Each structure stands twice: as C-alpha cells, then as structure tokens.
Amino acid sequence: MTTAPPRTGADLLCETLLAQGVDHCFANPGTSEMHFVAALDRQPRMRCVLGLSEGVVTGAADGYARMAENPACTLLHTGPGLANGLANLHNAKRAFTPMVNVVGDHATHHAQYDAPLAADIEGLARPMSHWVARSTSAASLGELAAQAVQEAMTPPGRIATLILPADHAWSPVDAPAPSSRPRPRPQPPREDALAEAAAALRRPGTVLLIAGHALRAKGLNLAARVCTTTGARLLTQQASARVERGLGRVMIDRVPYVVGQALAALKETRCMVLVGARAPVGFFAYPGKPGSMLPPGCPVVVASTPQEDAVATLRELAARCGAAADAHLPMLARRRELPLPSGALTAAAIARSVVAQMPEQAIICDESVSSGREFFPMSWHAAPHDYLQLTGGAIGLGLPLATGAAIAAPQRKVITLQADGSAMYTLPALWTQARERLDVVTVIFSNRRYAILHGEYAQVGAGAPGANARRLFDIVDPALDWVKLAQGLGVQAERADTAERFNVVLAAALKQPRPFLIEAMI
Ligand SMILES: Cc1ncc(C[n+]2csc(CCOP(=O)(O)OP(=O)(O)O)c2C)c(N)n1
C-alpha cells in the first residue's frame with residue numbers, strides 16, 4: 001500500500017500561489033527544485049510551461065502577464081538559472097510587468113560545502129527585482145508567497161523574487177495557505193499635480209506624454225479629449241509594454257529612437273506634461289549630442305507617476321480642461337484601404353502585408369529592431385490590435401514574449417515581428433510554441449546583419465566599419481537557415497523572397513492555428 005506523501009513547504013508555496021490567483025508557471029527546473037516540481041505535479045490547476053532556456057522562461061512570463069494582467073510565476077534553477085534569465089527580467093522590470101520568480105537553492109545545511117552550483121542568488125536577483133526574499137523555514141513559505149504576489153501586483157507592476165532552499169521545499173508543514181488578499185490599487189492622483197498639469201495643458205506648445213495604462217483604449221480616449229480641447233500634442237514614449245491600437249482607436253505617435261529625429265520632433269515643445277511616463281532621453285549618449293530630448297530649460301510637469309492611477313488622472317484632466325464627453329476626436333483611426341504590396345520584399349512591404357492581412361484582436365509582438373519602423377505609422381489603420389514592444393532594450397525578448405502572450409490569450413492570433421539577430425538569443429522559444437500548440441506567426445526579418453549597429457557606429461562618430469567591425473555586425477557567413485531552424489524546433493516554416501510570395505505565405509499562416517515561421521528575405 002502506498003501512503004500519500006506528506007504536505008511540504010513546496011506544497012504550501014504552490015497552494016498559496018494558486019490562492020493568490022497565480023496559476024501559470026514558466027519553468028526550467030533542476031535538482032534543487034524537485035520538491036517544488038512534485039508540488040506542482042499535485043496541482044493540476046497550475047499550468048506548467050517548460051522553456052528550454054531561462055531567457056525563454058522570464059520572457060514568456062513577461063508576455064503572459066502583459067496580456068493576462070496577472071503575474072505568472074517562474075521557476076529557475078539556482079543562481080546560474082536566474083542569471084540566464086536576467087536580461088528578460090530587466091526588460092520585464094522596465095515594462096512594469098508583475099512577476100513572481102521562485103529560485104531554488106541548495107538545502108540550508110548544504111551551504112557549508114560550497115557545492116558547484118552555490119552562488120550569491122540575492123546578489124544576482126536584486127538589480128532586476130523590486131523585492132527579494134529567502135524563506136526561513138518551510139512554514140514561512142505561505143506568508144512569503146502571498147507577500148510576493150502582493151509585491152508583484154503593486155502598481156504599476158513589480159518583479160518579486162523568492163529564494164527557496166531545497167530543505168524548506170521538502171520539509172513537512174501543517175500551516176494552511178494564507179487566503180486570497182485584495183490586489184493593491186494604484187495611488188490616486190494628487191490635487192496639486194492635477195492643478196499644475198491642467199494649467200500647463202492650456203498653454204501653447206505643451207506636449208502630453210502618456211504611458212502605462214493610459215495606453216489602453218479608455219485612457220487614450222481621455223487623453224485625446226484633453227488634447228482636442230486644449231490643443232496640446234499627444235505623444236507616447238519610444239517603446240511601450242502594451243498599446244491598444246488600430247481602427248477606432250487613438251492614433252498616438254511616439255518619440256523617435258534616433259536622437260536627431262527625437263530632437264526635431266520635440267523642438268517646438270514649450271512644456272511637457274507626464275502621465276505615467278518619463279521625460280524622453282536618448283537611448284544612448286552620443287558625442288556632442290544632448291541626453292535630454294527636450295529643448296533646454298523646457299519645464300516638465302508630472303501629472304502622475306507610474307505608481308499613480310493614469311486613467312483617473314486623465315479623467316480629472318479632461319474634466320478640468322472642460323473636455324466634452326462626446327467631443328469629436330479627429331485623432332481616431334478610420335478605415336483606409338491598403339493594397340497588398342508587390343515586387344521586392346522590403347521591410348515596408350512586409351509591414352504593408354501584415355497591416356492589410358492581420359485579423360481583429362491580433363497581438364503584435366515587435367522586436368523588429370531596425371526593420372519595423374514603417375509598421376508603426378502604417379498600423380494606425382490596421383484592425384484593432386494590441387502592440388507589445390521591447391521596453392528595456394535587451395534584445396532576445398520577441399520570441400518568448402509572443403509565447404507568453406499566446407498562452408495568456410489563446411483566442412487571439414499572435415504575430416511576432418522579429419529581427420533575425422535578436423531572435424537567435426532565445427531561439428528555443430519556438431520549441432515551446434510548438435510544444436504548447438500556440439497560435440503564433442513569426443515573421444523573421446532576415447537581413448543577415450546587426451543592421452542597427454551599422455547606423456550606431458556612424459552615429460557615435462566611429463567612422464566607417466572596417467573588417468573587424470563588419471565581422472562583429474554581420475551574420476551572413478554562415479547564413480542562418482530559418483526554415484530549417486524552425487523545423488528543427490517543431491515549427492512549420494516557409495521562406496519568402498518577393499512581396500507576392502510573402503502575401504500568400506502570410507495568408508496561409510494566419511489561417512491555421514499553429515505556430516508558423518516565415519523567413520522574409522529582405
Ligand atoms: C542583450 C543585448 N545584447 C546586445 C545588444 C546590442 N544590440 C543592439 S541591436 C543588436 C543587433 C540587432 O540585430 P537584429 O536583431 O538582427 O536587428 P537589425 O539591427 O538587423 O534590425 C545588438 C547586438 C542589446 N541591445 N542587448
């Protein structure tokens with residue numbers, strides 16, 4: 001006769017996560033996490049998703065949470081497992097994504113031996129986490145897990161990392177899982193900030209820069225009403241975690257990436273009002289160029305910080321500016337026929353084909369780097385969609401982000417606009433897409449180079465690339481065969497080298513509900 005295993009600290013952790021509404025676990029486990037895996041195994045409500053590298057795990061948890069508006073947990077193996085996932089944790093932190101990381105560690109009594117995988121997990125976790133804790137006993141795991149979820153859900157979204165020594169995971173416990181707690185709410189807007197912002201918005205030359213939740217349809221409509229009434233100019237940051245765009249939605253422009261273009265776009269700005277946003281700065285410093293993208297001395301008014309309620313702020317500003325609820329909004333995108341492209345396959349042709357063919361409610365994950373710039377203005381008039389970007393600049397997010405988004409929104413088509421160099425960082429995400437049968441079409445912009453770095457080389461004043469620089473920027477020898485790479489990971493794939501062929505392959509890919517990759521030869 002087999003007896004049921006005793007309830008462990010890992011069970012308590014798992015039960016608590018579920019009780020707090022966390023029911024997806026993106027994982028790459030090892031020996032120190034075996035009891036957590038056993039606890040997951042006893043919880044059929046927890047969906048477990050394997051990522052074959054930790055960058056996939058953390059990136060997918062980011063994509064999941066952006067669409068589910070709920071944190072996932074990750075399961076990472078000790079310091080090195082966490083370290084492999086850090087770049088995408090950095091991106092998630094910059095996106096204000098809620099996330100709970102469970103990082104396994106050696107049993108406490110094993111620490112004295114300095115075994116090979118022993119590492120300073122706190123030291124690795126801290127820079128990419130808002131909150132780091134280590135369990136002190138099996139019984140502590142309930143309270144700590146509940147706290148981790150609270151931390152993660154503290155607006156606008158935080159990274160919480162809980163370190164789990166193996167003996168706390170395997171020791172028996174009686175303590176019940178803490179019951180579900182109310183989710184923390186964003187702070188209300190501040191009266192003095194609202195008054196100052198409302199006055200600033202009425203002055204000529206003011207830009208209203210919005211971010212975070214203000215970029216969902218409701219916030220955008222309020223912002224458009226404010227700007228239509230006051231004449232202020234509406235803008236968002238260069239990259240955003242999630243924007244609701246397309247037909248019937250507000251056509252909001254963004255601050256350009258290229259410093260010269262950003263400076264030109266903002267040169268008439270007399271004042272900037274921020275709602276959940278940060279005043280625009282250069283992505284990098286360039287010799288002889290300013291770091292702030294605003295004209296010198298331009299005042300900045302913080303109407304609300306990212307921690308404050310952006311939608312409530314905009315509602316208040318609309319009221320104070322006298323914006324009518326039924327005001328006509330010229331900023332709303334209207335239908336525009338976009339013929340399919342023909343001829344040479346270029347980044348612009350791909351953008352046009354995607355815009356013309358994408359279904360309603362598609363989720364666009366954009367890591368197209370230098371190839372996707374045409375997509376943004378063209379897709380104002382596309383079918384209504386969500387648009388997810390790389391907010392932390394650490395490339396290698398696109399494929400995992402799409403993976404997590406597809407898991408969060410299984411009824412929606414996910415389209416990944418993916419630069420080839422960036423795709424290689426977290427290529428195994430394609431395997432997870434195949435394993436989980438996800439509805440994702442990946443478009444690889446196969447330019448066989450780090451194109452943006454050619455531009456940056458000139459921008460920083462380094463001159464023309466010679467042989468060594470070119471060897472660091474070009475990935476043509478050997479050429480990556482994306483059809484074979486995808487097929488090897490279980491994803492169907494085809495190559496397109498003309499616009500006509502791309503149109504046909506994309507149409508077929510969009511019709512079927514399984515992962516599909518298009519190698520677009522540009
Ligand atoms: C983690 C990380 N490593 C390196 C870089 C530097 N970097 C920026 S863009 C880039 C290559 C981009 O090439 P690709 O993804 O093919 O896009 P393309 O520039 O060709 O459009 C690199 C290496 C980075 N941003 N993040």
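Modeller: Before we start, one definition: helices here are DSSP runs of H or I with at least four residues, strands are E runs of at least two, and both are numbered from the N terminus. Keep in mind too that this is a predicted model.

Biologist: Thanks, that helps with the labels. Let me try a peptide bond: in which loop is Pro156 found?

Modeller: Pro156 sits in the loop between α6 and β6. As a general idea, most residues other than glycine have a negative phi, and most peptide bonds are trans. Here, the bond joining Pro155 and Pro156 is cis, with omega about 5°. Another cis bond runs from Asp477 to Pro478, where omega is near 0°, and Pro478 belongs to the loop between α18 and α19 (482-488).

Biologist: And the phi part of that general idea? What is the phi of Thr78?

Modeller: Phi of Thr78 is near 50°, a positive value in a residue other than glycine. Thr78 is found in helix α4 (residues 78-94). Arg437 is another case, with a positive phi of about 55° although it is not a glycine. Its place is the loop between α16 (429-435) and β16. You can add Glu69, which follows α3 and has a positive phi near 55°.

Biologist: Are Thr78 and Arg437 buried or exposed?

Modeller: The cut-offs decide this: buried means under 20% relative accessible area, and exposed means over 50%. Thr78 has 0% relative accessibility, so it counts as buried. Arg437 has 52%, so it counts as exposed. You can read two further residues in this way. Leu401, in helix α14 (residues 398-408), is buried because its relative accessible area is 2%. Ala464, in the loop between α17 and α18 (467-473), counts as exposed because its relative accessibility is 69%.

Biologist: How do I read a whole helix? How many residues does α3 have, and what is its reach from first C-alpha to last?

Modeller: In general, an α-helix has 3.6 residues a turn, so residues three or four places apart point the same way. In this model, α3 (residues 54-68) has 15 residues and reaches 21 Å from its first C-alpha to its last, close to the 21 Å expected at 1.5 Å a residue. As for its surroundings, 14 of the 15 residues of α3 are buried, so the helix is largely enclosed by the rest of the structure.

Biologist: Let's go on to strands. How many residues of β6 are buried?

Modeller: Strand β6 (residues 159-165) is mostly covered, with seven of its seven residues buried. Look at the two faces in turn: Ile159, Thr161, Ile163 and Pro165 are on one side, Ala160, Leu162 and Leu164 are on the other, and all are buried.

Biologist: Which strands pair with β6?

Modeller: Strand β4 (residues 99-105) runs parallel to β6 and is joined to it by seven bridges. To find the register, take Asn101, whose bridge partner in β6 is Thr161. Strand β5 (residues 131-134) also pairs with β6 in the parallel sense, over four bridges, and here Arg134 stands opposite Ile163.

Biologist: What do β5, α6 and β6 make?

Modeller: Together with helix α6 (residues 141-153), β5 and β6 make a right-handed β-α-β unit. The cis bond between Pro155 and Pro156 belongs to this stretch, since Pro156 is in the loop between α6 and β6.

Biologist: Can I practise on β15? Which strands is it joined to?

Modeller: β13 and β15 run parallel and are joined by five bridges, with Glu367 partnered by Gln418 in β15. Strand β16 (residues 440-446) also runs parallel to β15, through six bridges, and there Leu417 has Val443 as its partner. Strand β15 (residues 414-419) is mostly covered, as six of its six residues are buried. Both faces are covered, with Val414, Thr416 and Gln418 on one side and Ile415, Leu417 and Ala419 on the other.

Biologist: Last topic, pockets. What is the volume of the second largest pocket?

Modeller: Its volume is about 900 Å³. The pocket is lined by 37 residues, and the closest to its centre are Tyr257, Val369, Ser370, Arg373 and Ile452. The elements giving two or more residues to this lining include β13 (362-367) and α17 (451-459), and α17 gives the most, with four residues. By class, the lining has 18 nonpolar, 11 polar and eight charged residues.

Technical notes
Residues are numbered from 1 along each chain as its sequence is written. This is a predicted model: local features need pLDDT of at least 70, side-chain atom pairs count only at pLDDT 80 or more; totals for chains, interfaces and linings use all residues. Side-chain values use heavy atoms; hydrogens and water are left out. Buried means under 20% relative accessible area, exposed over 50%, partly exposed in between (1.4 Å probe, protein chains only). Two strands pair if DSSP finds at least two bridges between them. A crossover is right-handed if, with the strands pointing away from the viewer, the path from the first strand over the helix to the second runs clockwise. On a 1 Å grid over the protein atoms alone, a cavity is a set of points where a 1.4 Å probe fits but cannot get out, and a pocket is an open set with protein on both sides within 12 Å along at least five of seven lines; lining residues have an atom within 4 Å of a point. Grid points are joined across faces, edges and corners, and a volume is the space filled by probe spheres set on the points. Ala, Val, Leu, Ile, Met, Phe, Trp, Tyr, Cys and Pro count as nonpolar, Asp, Glu, Lys and Arg as charged, and the others, Gly among them, as polar. The expected span of a helix is 1.5 Å times one less than its number of residues.
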